[in-house]
There are 4 protein chains.
Amino acid sequence: MINLKQSQRSAQRKDKLIDTALELFSSKGYTGTTVKDIAKKSGVTDGLIYHYFTSKEEILHAVLAKHNFLEEVRHILQFHDELPINQTLFKLGERLLELMVSKTSFVVMVFGEAQRNKMMAKRLEELISEGVIALGGYFEGRAEQGEIKDLNYQLLARHFISSLFIYFMTYGRNCNKKEHNVYLKTVIQALCDGIIKK
Amino acid sequence: MINLKQSQRSAQRKDKLIDTALELFSSKGYTGTTVKDIAKKSGVTDGLIYHYFTSKEEILHAVLAKHNFLEEVRHILQFHDELPINQTLFKLGERLLELMVSKTSFVVMVFGEAQRNKMMAKRLEELISEGVIALGGYFEGRAEQGEIKDLNYQLLARHFISSLFIYFMTYGRNCNKKEHNVYLKTVIQALCDGIIKK
Amino acid sequence: MINLKQSQRSAQRKDKLIDTALELFSSKGYTGTTVKDIAKKSGVTDGLIYHYFTSKEEILHAVLAKHNFLEEVRHILQFHDELPINQTLFKLGERLLELMVSKTSFVVMVFGEAQRNKMMAKRLEELISEGVIALGGYFEGRAEQGEIKDLNYQLLARHFISSLFIYFMTYGRNCNKKEHNVYLKTVIQALCDGIIKK
Amino acid sequence: MINLKQSQRSAQRKDKLIDTALELFSSKGYTGTTVKDIAKKSGVTDGLIYHYFTSKEEILHAVLAKHNFLEEVRHILQFHDELPINQTLFKLGERLLELMVSKTSFVVMVFGEAQRNKMMAKRLEELISEGVIALGGYFEGRAEQGEIKDLNYQLLARHFISSLFIYFMTYGRNCNKKEHNVYLKTVIQALCDGIIKK
DNA sequence: TATGAATGAGCGTTCATTCAT
DNA sequence: AATGAATGAACGCTCATTCAT
């Protein structure tokens, strides 16, 4: 029994450490965060950290493993063909923004550290690619139905996703849902109908 | 008069130091780069750095001052109204990509450091805003001529610029001009005419 | 409970560090003493110093806290009125000299550092003032009893205390008790009866 | 001619450097003063310092040589026997205080540096001893005339001089002449007549 | 499990001094 | 005589990591 309780507490503690690490990495960056920082904020002694992780780098790995929202991205990207394209895009944008908002600190960390850390860069590219491929596939499907013009769908998808991403990072991080919607509507309307008056 | 040669060599050396710093900052980040690194790679002793700069931070400032391409961005953004919108956008995109390619390491550094360093964040926002405002103004002008639809031009501009930016950062960094053009054409065609078949 | 031994050894080590620091500060001055010096002389690595103290300045504070003899001075200065004035002064002088002798290196350090370091200057002034005020009060009391002449008792007290102090600093530091007594007798006799033959 | 002018300017410059050094040493201490500081404040380049002095230490020597007021102390200490003792002591005290006031920064430096620097300590002891011996001799002379009691005149002299000195250092440094006189009168009256009411 | 003492390489920075010009 | 570029050892301090308990 004791062992069970112990191992539970142990797991909880590890979890706490990972969450604290994410928080700190997000606000101060990986390099800017001290192992001592993590220990202190988690209410744990310095040495104990190395009972749970072999190195600072491994903490980062654990953070990435726990907060990897690739699954959630994939789930969002299961497109249903019943809706008109613009509504589908709007829903997608809405959900992606929601997801990014709910994981702001994680996104910020991955983004900020990606220049320095190969693994982080790979992770970032994975996330974006996942979206790009799925959305590109959706475009292609619509094209086969004769609904959209003949274009490079992958590039188009990348354009949409990455614009959303940078909007969130540099501008929309602190905006509310209403403002997000204005952005999404503007961008999607332009994307669908073009900006040129006929 | 006496020390013309010396002061020349001194200026050259300072220049060298700035360039070396840019290189290192770009590849390892500001925090990840040691003053000793800069000294060593420049073939200079540690102490001499502080003959030219008062601190590591000042080196960063010097790097930013030397490679500040705000001026160039402004120049690129002087729109001429003779051309059709899509051609104007294409020219703009082409030049912005050219500029980013020619200053890749600088752009990467500013981008990567912006999450951590207030000054860098400001610098980045300046760069993007500059483009957003100018392009937004251009859209507005075209709208007044009845050429484009009623939309939020600032958001539209931000969409175009930031998409370009992230395309470069995550994808186009190593592409050639031809590939850039494909991207630009796709994105601009979609932006102008929409993707929906009528 | 577990680490009683460890925490004991830790406390001892901290104590050792403080004592070593006092020794070094006294002989080489605060500025002239390196943190590495303290570490080396204590048989400890550089980094460990910062496990016990947050800065070199804090080591100084710890030294001051441990060797703060203000309390002892106060105790000495509790005058008893039973004795004749000259005997009271003699006892006071004797004890103050004893105290300074037993804390020679501390006194020397405070004195030497006071010109440069505001905190040390304040500390020194505190020590002297404490004595001056107490002794001045004693003089005043005796004056009210009609035992001493009408004079500025604070200045008189300062005169006595500071003379004692500089005697110790520049001359009596290495003298024995007998020599101290000669000094005290001479000075006190002169102070009480004057040097002029009537 | 040119050489004469040059050597004049050279001498002036050296003088300027010494004075600046004194100023800086006094306010920031010897260790706290940078050779660069001296150069800058003197309007001279770093390297030139070493054309005039072989080291920082030598600058200190030069400062001491130039501002050595032993001569002046000796002059002040030429006692004349016409006056009553208390007036003689008052005149002596007055002049010594005047001298210390006029050379405040020098006195402060010597005093502050004496704990760290053997040479400075020796210099300080020289100055004090000079006064002690002269004043002790004067006392002895008066004693032979039957004017003062039988006491240890050297200790008495040390008492008077050092009290004066510490009064200046810790208290009278910023007082005006009037306040000095109050101090001197009090101390001298007590010294001459004693403080005990008969 | 858990502690926190201990390590030691490395950080940004300072500064007396040297030296080519 | 004068410059200021250049040196390099040393400074106070940080921190990921190890380890005895």
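**Entry 1: C:T33**

I started with C:T33, which sits in the loop between α1 and α2 (35-41) of chain C. Helices here are DSSP runs of H or I with at least four residues, strands are runs of E with at least two, and both are numbered from the N terminus. The model is predicted, so I kept in mind that local features need pLDDT of at least 70 and side-chain atom pairs count only at pLDDT 80 or more, while totals for chains, interfaces and linings use all residues. For my own bookkeeping: residues are numbered from 1 along each chain as its sequence is written, chains are lettered from A and ligands numbered from 1 in the order in which they are written, and side-chain values use heavy atoms, with hydrogens and water left out.

Is C:T33 buried or exposed? C:T33 counts as buried because its relative accessibility is 1%; buried means under 20% relative accessible area, exposed over 50%, and partly exposed in between, with a 1.4 Å probe and protein chains only. I then looked for what the side chain of C:T33 reaches, and found the backbone oxygen of C:L24 at 3.2 Å. Apart from neighbours within four places in sequence, C:T33 is in contact (heavy atoms within 4.5 Å) with C:L24, C:F25, C:K28, C:I38 and C:K56.

**Entry 2: DNA strand E**

Next I checked DNA strand E, which has 32 residues around it. A residue is near a strand if one of its heavy atoms lies within 4 Å of it. B:T34, B:Y50, C:H51, C:Y52 and D:V35 come nearest. Sugar and phosphate make up 74% of the strand E atoms that come within 4 Å of the protein.

I noted three pairs at phosphate oxygens of strand E, using the polar contact rule: a pair of N or O atoms within 3.5 Å; within protein, one must be able to donate a hydrogen and the other to accept it, and residues adjacent in sequence count only if both atoms are side-chain atoms.

- C:Y52 has a polar side-chain atom 2.4 Å from a phosphate oxygen of DNA strand E.
- C:T45 has a side-chain N or O atom 2.8 Å from a phosphate oxygen of DNA strand E.
- B:K56 has a polar backbone atom 2.8 Å from a phosphate oxygen of DNA strand E.

By class, the surface near strand E has eight nonpolar, 18 polar and six charged residues. In this scheme Ala, Val, Leu, Ile, Met, Phe, Trp, Tyr, Cys and Pro count as nonpolar, Asp, Glu, Lys and Arg as charged, and the others, Gly among them, as polar.

**Entry 3: DNA strand F**

I repeated the search for DNA strand F and got 30 residues around it, with A:V35, B:H51, B:Y52, D:R9 and D:H51 coming nearest. Of the strand F atoms within 4 Å of the protein, 73% belong to sugar or phosphate and the rest to bases. The surface near strand F has eight nonpolar, 16 polar and six charged residues.

At phosphate oxygens of strand F, I found a polar backbone atom of C:K56 at 2.7 Å and a polar backbone atom of A:K56 at 2.8 Å. A side-chain N or O atom of A:Y50 is 3.0 Å from a phosphate oxygen of strand F. Which elements give two or more residues to the surface near strand F? They are α1 (4-28) and α3 of chain B, α3 of chain C, and α1 (2-28) and α3 of chain D.

**Entry 4: How the chains pair**

I laid chain B on chain A: the RMSD is 0.4 Å, with a turn of 178 degrees and a shift of 0.0 Å along the axis. The two copies are thus related as by a two-fold rotation axis. In chain B, the C-alpha nearest the axis belongs to B:G194, 1.9 Å from it. Superposition is by least squares on the C-alpha atoms of residues with pLDDT of at least 70 in both copies. Of the interface residues of chain B, 100% are also interface residues in chain A, so these copies meet through the same surface.

Chain C goes onto chain D with an RMSD of 0.5 Å, a turn of 177 degrees and a shift of 0.1 Å along the axis. I also checked B against the other pair: chain B and chain C do not touch, with their nearest C-alpha atoms 20 Å apart, and no contact joins chain B and chain D, whose closest C-alpha atoms lie 12 Å apart.
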